[in-house]
Amino acid sequence: MSKFGRSIRIFLADGSPTGLRHVEIANWSGQALACPRSRFSELGNWEESKRPGVYFLFENSAGDNNVAYIGESEDVFKRLADHDRKKEFWNEVIIFTSKDENLTKGHIKYLEARLVEISKSADRYDLENSNTPTKSNLPRADAAAMEEFVENIRIVLGSLSHRILESVSSGAVQIIVEPKEDSLINYEFSFKVSKVIAQGRVTDDGFLLLKGSQIAHRSSSSMPGKNLLIKEQMIADGLLEDKGHFYLLLKDKLMSSSSYAAALVAGNSRSGPQSWKTSEGENLKVIEERLVSKT
């Protein structure tokens, strides 16, 4: 992940933030076009869409399990026209091509393979790709340039609200005793209730419930309905192992808030800021108030 600031320019072709958008990063030869499926025909009017490049098909749903497909083509729009006829799941496409037209078939095959690899590792989206693409062999300098291209793709996708290339724990940093810049993400929290204990961290995306946390076996009527559905889905997906008196979380789970995370752990409604505490006994709310008072 880049440690430096970046300047991103998003041009709204018709003034709509959800319409066709052209995205650039300062001093980058790449570019992106984002388009809802309902406006797909308009994409063909952009010459940038007919160059060699890679693309993402997204299904944006209200739930946690979003779906995506990653592909490449020497004429992206032509390939997408085929997907428009044959693939039903997607409702948004984002394509990446080059302004200088220097992306070769070898380059885009390399990009496709790396993007699929990173997306599978991040495990935020269910990939519709049936095959794992083979990464082309590039000269060392070209491979380094493509890795920079991948990083810029990650930044652009994030700015367009798609974190497909970022691990759920990417917003949580390694815990340090005396952080130079005090921030909530520098703390690890735990929550003990009814003979279960869980650990978590604040991230840029919400609250990360850490692998190895214990989840109450029973859920009371006061537990938020959304949490009950999440818990049932986690059991169905094999993310919770039944240990008799509690469930064991087998994989980090990102929750939208500390309160939803606490409610999932306890099996009933809870205040996250009051429930999650550091090893020194400070709860999240106290730390939040202290940090705000310093500004």
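Here are legends for a set of close-up views of this predicted model.

**Figure 1. The whole chain, before we zoom in.**
The protein chain runs to 295 residues, and 46% of them are buried. Count up the secondary structure and you get 8 helices and 14 strands. Laid along its principal axes, the C-alpha trace fills a box of roughly 60 × 45 × 40 Å. If you look at contacts with a sequence separation of 6 or more, 63% of them join residues 24 or more positions apart.

**Figure 2. The largest nonpolar core of the chain, with 33 residues.**
The residues with the most contacts inside this core are Phe56, Phe96, Ile153, Leu157 and Ile164. Several elements chip in at least two residues each: strands β2 (21-25), β3 (30-36), β4 (53-59), β5 (67-73) and β6 (92-98), plus helices α3 (105-122) and α4 (140-159). Helix α4 is the top contributor, handing over 8 residues. Zoom in on Ile153 and, once you skip neighbours within four places in sequence, you find it touching Trp28, Val54, Phe56, Phe96, Leu115 and Leu165. Another core, of 27 residues, lies apart from this one and includes Ile230, Leu240, Tyr247 and Leu284. As a bit of background, nonpolar side chains in soluble globular proteins tend to be buried together.

**Figure 3. An aromatic cluster made of Phe56, Phe58, Phe96 and Tyr125.**
The model has 10 aromatic pairs in total. One of them is Phe56 with Phe58, a stacked pair with 5.7 Å from centre to centre and 5° between the planes. Phe56 is buried, at a relative accessible area of 0%, and Phe58 is buried too, also at 0%. Phe56 also pairs with Phe96, this time edge-to-face: the centres are 6.1 Å apart and the planes make an angle of 80°. Phe56 belongs to strand β4 and Phe96 to strand β6, so this pair ties together parts of the chain that are 40 residues apart in sequence. With a relative accessibility of 0%, Phe96 counts as buried as well.

**Figure 4. Helix α5 (residues 225-236) and what covers it.**
Does the helix geometry add up, and what are the expected and actual spans? At 1.5 Å a residue, the 12 residues of α5 should span 16 Å, and the end C-alpha atoms sit 17 Å apart, which agrees. Asn227, Ile230, Lys231 and Met234 are the buried residues of α5. Looking down the helix axis, these buried residues fall within an arc of 100°, so they line one face of the helix. On the other side of α5, Leu229 and Ala236 are exposed. The cover over the buried residues includes strands β11 (214-216), β12 (240-242), β13 and β14 (253-255), along with helix α6 (258-266). Just after α5 comes Gly238, which takes a positive phi of about 80°.

**Figure 5. Leu249 in strand β13 (residues 246-249).**
Is Leu249 buried or exposed? Leu249 is buried, with a relative accessible area of 1%. Leaving out residues up to four places away in sequence, Leu249 touches Leu209, Leu210, Lys211, Gly212, Ser213, Met234, Leu239 and Leu240. Met234 on that list is one of the buried residues of α5, and Leu240 is among the members of the 27-residue core. For a longer reach, take Ser190, which is 59 residues from Leu249 along the chain: their C-alpha atoms are separated by 14 Å.

**Figure 6. Two lysines placed over tyrosine rings.**
Lys87 lies over the face of Tyr69, at 4.4 Å from the ring centre. In the other example, the charged end of Lys226 sits over the ring of Tyr260, 5.0 Å from its centre.

**Figure 7. Val286 in helix α8 (residues 284-293).**
How accessible is Val286, and what does it count as? Its relative accessibility is 36%, so Val286 counts as partly exposed. The C-alpha atoms of Val286 and Ser130 are separated by 48 Å, with these positions 156 residues apart along the chain.

Methods: Residues are numbered from 1 along each chain as its sequence is written. This is a predicted model: local features need pLDDT of at least 70, side-chain atom pairs count only at pLDDT 80 or more; totals for chains, interfaces and linings use all residues. Side-chain values use heavy atoms; hydrogens and water are left out. Helices (H or I, at least four residues) and strands (E, at least two) are DSSP runs, numbered from the N terminus. Buried means under 20% relative accessible area, exposed over 50%, partly exposed in between (1.4 Å probe, protein chains only). Contact means heavy atoms within 4.5 Å. A nonpolar core is a set of buried Ala, Val, Leu, Ile, Met, Phe, Trp, Tyr and Cys residues joined through side-chain atoms within 4.5 Å. The expected span of a helix is 1.5 Å times one less than its number of residues. The arc is that of the directions from the helix axis to the C-beta atoms. Rings of Phe, Tyr and Trp (its six-membered ring) pair if their centres lie within 6.5 Å; planes under 30 degrees apart count as stacked, over 60 as edge-to-face and the rest as tilted. A charge sits over a ring if NZ of Lys or CZ of Arg is within 6 Å of the ring centre and within 35 degrees of the ring normal.
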